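The following exercises invite the reader to examine a protein structure step by step. Please try each task before turning to its solution.

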Amino acid sequence: MKILQFLAKLCAVLAGVLLTAITLMTCASLIGRNLLDTTLAGDFELTGVVTGAAIALFMPFCQIQRGNIIVDFFTAKLSQASNDRLDRFGALLLGLIFGLLAWRTVLGGLNSYATHSETQILGFPEWTVYAAMVPPFVLTCVIGFYQAVFGFDGGRNASTAVDELEAHI
């Protein structure tokens, strides 16, 4: 679990760096547009490209921190064990969904590469955004599956769970 936590944090830091860079670029563009009567060409395109990649990069950290929205209106009166099972099932579903997203993103990126799809103003190749989104989607998938199997305790009982699993084999 420690390696998953490290990778999730690394993704989040990279996303933060990207968003900081795009914020500084937007500020420079606005200052240039309003004070110097000049602008950065394609700033809107770069904002969209970087924001899409950053959102994907934040996903693993969000899942490992259990930061996704949970609506517990129907489960508030269930036992802790029942809620834990439902949380694990939710993690399994999330893992499956992110596996599907990763697969479809790979296919979208390959199609974008094959058709030489680019942004309109800068001619920035769109496949690079797809390529940046696949690793965090795969990592989120792996985290979801890990949490579905071993729970949400940060891996503290993972060795016990692995021992129990090996005992059954």
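Five exercises follow, each with a worked solution.

The structure is a predicted model, in which local features need pLDDT of at least 70 and side-chain atom pairs count only at pLDDT 80 or more, while totals for chains, interfaces and linings use all residues. Residues are numbered from 1 along each chain as its sequence is written, and side-chain values use heavy atoms, with hydrogens and water left out.

**Exercise 1. Helix lengths**

Compare the expected span of helix 3 and of helix 1 with the distance between the end C-alpha atoms.

Solution. Begin with the terms: helices (H or I, at least four residues) are DSSP runs, numbered from the N terminus. The expected span of a helix is 1.5 Å times one less than its number of residues.

Step 1. Helix 3 covers residues 80–114, which is 35 residues, so a span of 51 Å is expected; the end C-alpha atoms lie 50 Å apart, in agreement.

Step 2. Helix 1 covers residues 2–35, which is 34 residues, so 50 Å is expected; the end C-alpha atoms are 49 Å apart, which again agrees.

**Exercise 2. Buried faces**

Determine which residues of helix 1 and helix 3 are buried, and what they pack against.

Solution. Buried means under 20% relative accessible area, exposed over 50%, and partly exposed in between (1.4 Å probe, protein chains only).

Step 1. In helix 1, the buried residues are Leu-4, Ala-8, Cys-11, Ala-12, Ala-15, Ile-22, Met-25, Ser-29 and Gly-32. Their cover includes helix 2 and helix 4.

Step 2. In helix 3, the buried residues include Ala-91, Leu-94, Gly-95, Phe-98 and Ala-102. The buried residues of helix 3 pack against helix 2 (43–64) and helix 4 (127–150).

Step 3. For the spacing within such lists, recall that an α-helix has 3.6 residues a turn, so residues three or four places apart point the same way.

**Exercise 3. Two polar residues of helix 3**

Describe the surroundings of Thr-105 and of Asn-83.

Solution. Two terms are needed. Contact means heavy atoms within 4.5 Å. A polar contact is a pair of N or O atoms within 3.5 Å; within protein, one must be able to donate a hydrogen and the other to accept it, and residues adjacent in sequence count only if both atoms are side-chain atoms.

Step 1. Thr-105 is part of helix 3 and counts as buried because its relative accessibility is 9%. Its side chain reaches the backbone oxygen of Leu-101 at 2.6 Å. Leaving aside neighbours within four places in sequence, Thr-105 touches Tyr-130, Met-133, Val-134 and Phe-137.

Step 2. Asn-83 also belongs to helix 3, and a relative accessible area of 16% makes Asn-83 buried. Its side chain reaches the backbone oxygen of Thr-75 at 3.3 Å. With neighbours within four places in sequence again set aside, Asn-83 is in contact with Thr-75 and Leu-78.

**Exercise 4. Residues with positive phi**

Locate Arg-66 and His-116, and state how accessible each is.

Solution. Most residues other than glycine have a negative phi.

Step 1. Arg-66 has a positive phi near 55°. This residue sits in the loop between helix 2 and helix 3 and is partly exposed, because its relative accessibility is 37%.

Step 2. His-116, not a glycine either, has a positive phi of about 55°. It lies in the loop between helix 3 and helix 4 and, at 62% relative accessible area, is exposed.

Step 3. A further case is Asp-37, just after helix 1, with a positive phi of about 55°.

**Exercise 5. The largest pocket**

How many residues line the largest pocket, and which lie nearest its centre?

Solution. Step 1. The lining has 19 residues, with Ile-69, Ile-70, Leu-86, Asp-87 and Gly-90 nearest the centre.

Step 2. Helix 3 gives the most to this lining, with eight residues.

Step 3. One of the central residues, Gly-90, is placed in helix 3 and is partly exposed at 33% relative accessibility. Gly-90 and Ile-70 are 20 residues apart in sequence, and their C-alpha atoms are 9.7 Å apart in space.

Step 4. A pocket is defined on a 1 Å grid over the protein atoms alone, as an open set of points where a 1.4 Å probe fits, with protein on both sides within 12 Å along at least five of seven lines; lining residues have an atom within 4 Å of a point.

Notes: Helices (H or I, at least four residues) and strands (E, at least two) are DSSP runs, numbered from the N terminus.
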